[in-house]
Amino acid sequence: MVRSTPTVFAALLALALALPAAASAQGTLEGRITIAGSTTPLAGAQVSIPSLSMGGSSGPTGIYSVGDIPAGTHEVVFTLIGFQEERRQVTIADGQTERLNVSLAERALVVGGLVVVGTRAQPRTVTQSPVPVDVIPSGDIINQGATDFADLLRNVNPSFNVNIQPISDAATFARPANLRGLAPDHTLMLVNGKRRHRTAVITWYGNGLADGSQGPDIALIPGMALRQAEMLRDGASAQYGSDAIAGVMNFALKDARSGGMIEYKTGGNLFGDTSEQLERGILPGDGEMHTISGNIGLPLGETGFLNLTGEYGNALPTDRSVQRTDALALINQEKNSSVRTPAQIWGAPEVSDEIKLWANAGHNFDDYTQLYSHGNYVSKQVEGGFYFRNPNTRSGVFGTSNEAGESILLVGDMLAAADPDNVPVGAAMCPEVRVVGGVVDTSDEENEANWRQVLNDPNCFTFQKIFPGGFTPQFGANVIDASAVVGLKRTSGDLSWDASGSWGKSNMDFYMYNTVNASLGPNQPCSDEGTSPAVPDQQCTPYFEPGIYDQQEINANLDLSYAMSETMNIAGGAEFRREGFEIMEGSRESWTEGPLATQGFTPGSNGFTGFGPLTAGNWTRTNFAAYGQVDFKEVDNKWLVDVAGRVENFSDFGLTINGKVAARVSLSDAVALRGAASTGFRAPTPGQQNAFNISTIYDPDIMDLTNNGTIPSTSDLANLYGGEALQPEKSVNLSLGWVFEQDNFHLSTDYFLINVSDRLTTSKNFELSTADIDRLLDEGIIRPGGVLKRFRFFINDFATRTQGIDLVAAYAVESERGVTNLTSAWNWTTTSVTQHNDETLSDLRIRILEEGLPNLRGNVAVNHEFPAGTRALVRASYWGGYFDGETPYYEDSPSETIDYPGRMLVDVEAAHTFMDSYTLTIGAQNVLNTLPAEYPGAADGVGNRYGQFTPFGFNGTFLYTRLSYSW
């Protein structure tokens, strides 16, 4: 018995040691958390096991890991503000790692989405951000009738404005858009967080507010390609560099690796006397549109993705014109049957063969490293009209004046043009033909006889022989836009880095027809399309190729982010950018001076002079930047502070330094205050610094067409009138707001103040003297024989103060009858010119800058989703009063111009899903056919029934339907 004691003791000791080991059986749970329907990682999502009081959170790539979990079955809860809670049952085995990937769906309350714009640390929800950010999901964007993305965005965000731009030179093809009432190039555009290139179009004429700007073209993105749009409404130059004065727009592309959709959309405007049109057997309205689009997600490896979107569409033009008084006089008094009705068209341009191809891809080498890329190719043809050329009075083409100041026909002597030094002796000179009140004076028999002689004499040339009813030039462009981005990002513990490179290109190849180079006389270049209805007696249509604008940009970025602790993150990086702008020479006929130039006939394609050797050129600029950002926050997100700084050096004007401080503090679980202060800048583009342009515009001062030129600010002539080398625009931004969020209700209000100094725009117009013309000839800016009447240049010599309030509210209600989302957004913005130079900026331009957009805009929307797959939407949008600077005024003072009153527009849409995959949608934008106030002087002016820069458009009701199939 004594011998057995140690054996028993050893056995008991072994059993005692074995029991704790068995009781402590443990395992690990890990995986990736993403947004439902995509591969986008969710950072900061909470992972908790309530029964064990254990948990963790996901990192920047969505990866989470919870260790030392007792073996057994446990319920795991995944949560993140703005997303629906997800609960899973997990069985943990001893010594094993269980992998569980989870996708979280965004709440019905869409303002709570996750955003990456505005921070270099982990993505935040909208309500956690210290600056205001709007998140607009794809559904809100595509559930509308229009296909132009700029219009879609304008309808849901009241701080964003864009209009039709019916007769605005190249701005018709790439419409300038405004955020918070500032210039289009005061807003930075990102795609997947990467800088998007700007358009090749310089907005020579954009209602004064956008004049001279060169911003991005938002319309090129198909709505179906987007997962969401993020609009940062605060200055962010310290984080992103040039242009981010009004804010930043980031468009996140879809990244699903499965599923897809194909959709056909058609619609048109319902306008005018529809009963009369139906009696004539034609469908009422105009602007017919057809679009087919599709999106598909494909797997790329085990976890990667390739998401593709394509869209093809066409849209016919609209017409909101009245017949001009001068055209009626030709028809009634001269019995001129060749005048078109209407002589001049005001409306949306025609868009043909628009192709949009977008791709977004990501390949995961492992849970921490991803190779990513996105890009696009877009092409389309856009065409609109210019101003009507009266066959009796248009100077430089049809009309001129004699020494007595009387209006007469412009008649060319072809013998003198052929050989001015050897005109045959005794050759009859072409007689003078007087024009009174816009028509040939036939009350005088001798004058009428002179007119008939001119029309019948082959040695006397008038463009009435080619265009007896005058002509309206047609101006168009073949647009090409392309981009490519490729990058590699990795997370190693608390360190994340992202290296990327990008290339972008915008190309505008212009063309014109139904116009002339007047100095060429009857020898006009012809298209290959044969006879034009506008020129019935000609064998061909006069056709010109004025040249090409081309913008190209290259970017290289390295971004670093390191989580020092749960409460501190530091970030930094560097950027190189090369920006180039090129003007390519047009066909010789579009810019040369012909044999009749010395007799007063205008050289160059009339309406938009082609780019000759003196205009063509290629200008580039490079810049290097370095930035840093530190984010502090309290563990429970009770408060956070962001501090950012950026140093940037440009090859053409030197160094800029900018900084930003932003903070947020929670007063309770539902209420938080937020605010920010920053400095910013915008660098003038190579195009703005070097481009030269001549256009025919309507001058409200003289109520007639005139040739207007924009010359480089550093030219000798510009220097005499105050021009100088351009400098960066500078800004100071302040914002202060509060956020309330509880359950399914969200409300935020933010005040903002933006002071911009050294602001860039085009100067007022200056009349050219004989000495001025000689200076331009000496500098090689214009060619001999031109009839340039006025000129202007870019200036940096005024300052503005823009301030306002943004209010955003949303409420979601769930019941047995479905889910109802109520949203409302309002923006009040006012701009005042605080400093300017009277010698370079006119009172009219100042008023346009201050009142060209509505001070108050807002919308209220109700979207209800029924359980049976039916959805209904009603949206009411208010647009405050505004001033249209292109409307001719009756008095000498700009204060006598017309103010247009505010309007309320209502949109409705209903959709039903059947057979699980098919959805039929019908809707109406502006269902009540609300139109702007009519311009009372339209007929006596240029025939525009409405102000051409109406902020909400003037096309009336747009009816549409969509049929989609999804899988």
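Two strands count as paired if DSSP finds at least two bridges between them. With that in hand, welcome to a tour of this predicted model, one close-up at a time.

**View 1. Strand 44 has a partner in strand 43 and another in strand 45.**
Strand 44 and strand 45 (residues 856–865) run antiparallel and are paired over 10 bridges. To find your place between them, look for Trp828, which stands opposite Leu856 of strand 45. Strand 43 (residues 794–815) is also antiparallel to strand 44 (residues 818–835), and 17 bridges join the two. Here a handy landmark is Leu807, whose bridge partner in strand 44 is Trp826. Follow the chain from strand 43 to strand 44 and you pass through a hairpin of 2 residues.

**View 2. Four strands make an open antiparallel sheet.**
Read across the sheet, the strand order is 3-2-5-6. Strand 3 (54–57) and strand 6 (86–92) stand at the edges with a single partner strand each, so one side of each has no neighbour in the sheet. On average, neighbouring strands here are turned by 25° against each other, direction ignored. Further in, strand 2 (residues 46–49) pairs with strand 5 (residues 72–79) in the antiparallel sense, over 3 bridges. One pair to look for is Gln46 and its bridge partner in strand 5, Thr79.

**View 3. Helix 3 is mostly covered.**
This helix spans residues 149–156, and 8 of its 8 residues are buried. Among them are the nonpolar Phe149, Leu152 and Val156, but also Asp151, Arg154 and Asn155. At the start of the helix, look for Asp148: one of its side-chain oxygens comes within 2.9 Å of the backbone nitrogen of Ala150.

**View 4. The largest nonpolar core has 32 residues.**
Phe149, Leu153, Phe160, Ile218 and Phe251 are the members that touch the most other members. Several elements each supply at least two residues of this core, including helix 3, strand 12 (160–162), strand 16 (226–232) and strand 40 (745–762). Helix 3 gives the most, with 5 residues. Zoom in on Ile218 and, leaving out residues up to four places away in sequence, you will find that it touches Phe149, Ala150, Phe160, Ala177, Met189, Met249 and Phe251. Another core, of 31 residues, lies apart from this one, and its members include Ile167, Met512, Phe794 and Val942.

**View 5. Glu729 has polar contacts with His186 and Arg682.**
You will find Glu729 in strand 39 (residues 729–742). Its relative accessibility is 1%, and because buried means under 20%, Glu729 counts as buried. The side chain of Glu729 makes a polar contact of 2.9 Å with the side chain of His186. A second polar contact, of 2.5 Å, joins the side chain of Glu729 to that of Arg682. Beyond its neighbours within four places in sequence, Glu729 is in contact with several other residues, among them Phe681, Val756, Asp758, Leu760 and Asn796.

**View 6. Cys430 and Cys460 form a disulfide.**
How many disulfides are there by this rule? The count comes to 1. The sulfur atoms of Cys430 and Cys460 are 2.1 Å apart. The angle about the S-S bond is -105°, and the link is left-handed. Cys430 lies in the loop between helix 7 (414–418) and strand 26 (435–436), while Cys460 is in strand 28 (residues 460–461), so the pair ties together parts that are 30 residues apart in sequence. Cys460 counts as buried, at 0% relative accessibility.

**View 7. The backbone at Pro342, Asp758 and Asn926 repays a careful look.**
Begin with the cis peptide bond that joins Thr341 and Pro342, where omega is about -10°. Pro342 sits in the loop between helix 6 (325–333) and strand 21 (350–364). Next comes Asp758, which has a positive phi of about 50° although it is not a glycine. Asp758 is found in strand 40. Asn926 is not a glycine either, and has a positive phi of about 55°. Look for Asn926 in the loop between strand 50 (918–925) and strand 51 (957–966). Which of these two is buried and which is partly exposed? Asp758 is partly exposed, with a relative accessible area of 29%, whereas Asn926 is buried, with 6%.

Conventions: Residues numbered from 1 in each chain as written. Predicted model: local features only at pLDDT ≥ 70, side-chain atom pairs only at ≥ 80, totals over all residues. Heavy atoms only, no water. Buried < 20%, exposed > 50% of the residue type's maximum accessible area, 1.4 Å probe, protein only. Polar contact = N/O pair within 3.5 Å; in protein donor to acceptor, adjacent residues only side chain to side chain. Contact = heavy atoms within 4.5 Å. Core = buried A, V, L, I, M, F, W, Y, C linked by side-chain atoms within 4.5 Å. Axes fitted to C-alpha atoms, helices over the stretch in contact; angles between N-to-C directions. Disulfide = S-S within 2.5 Å.
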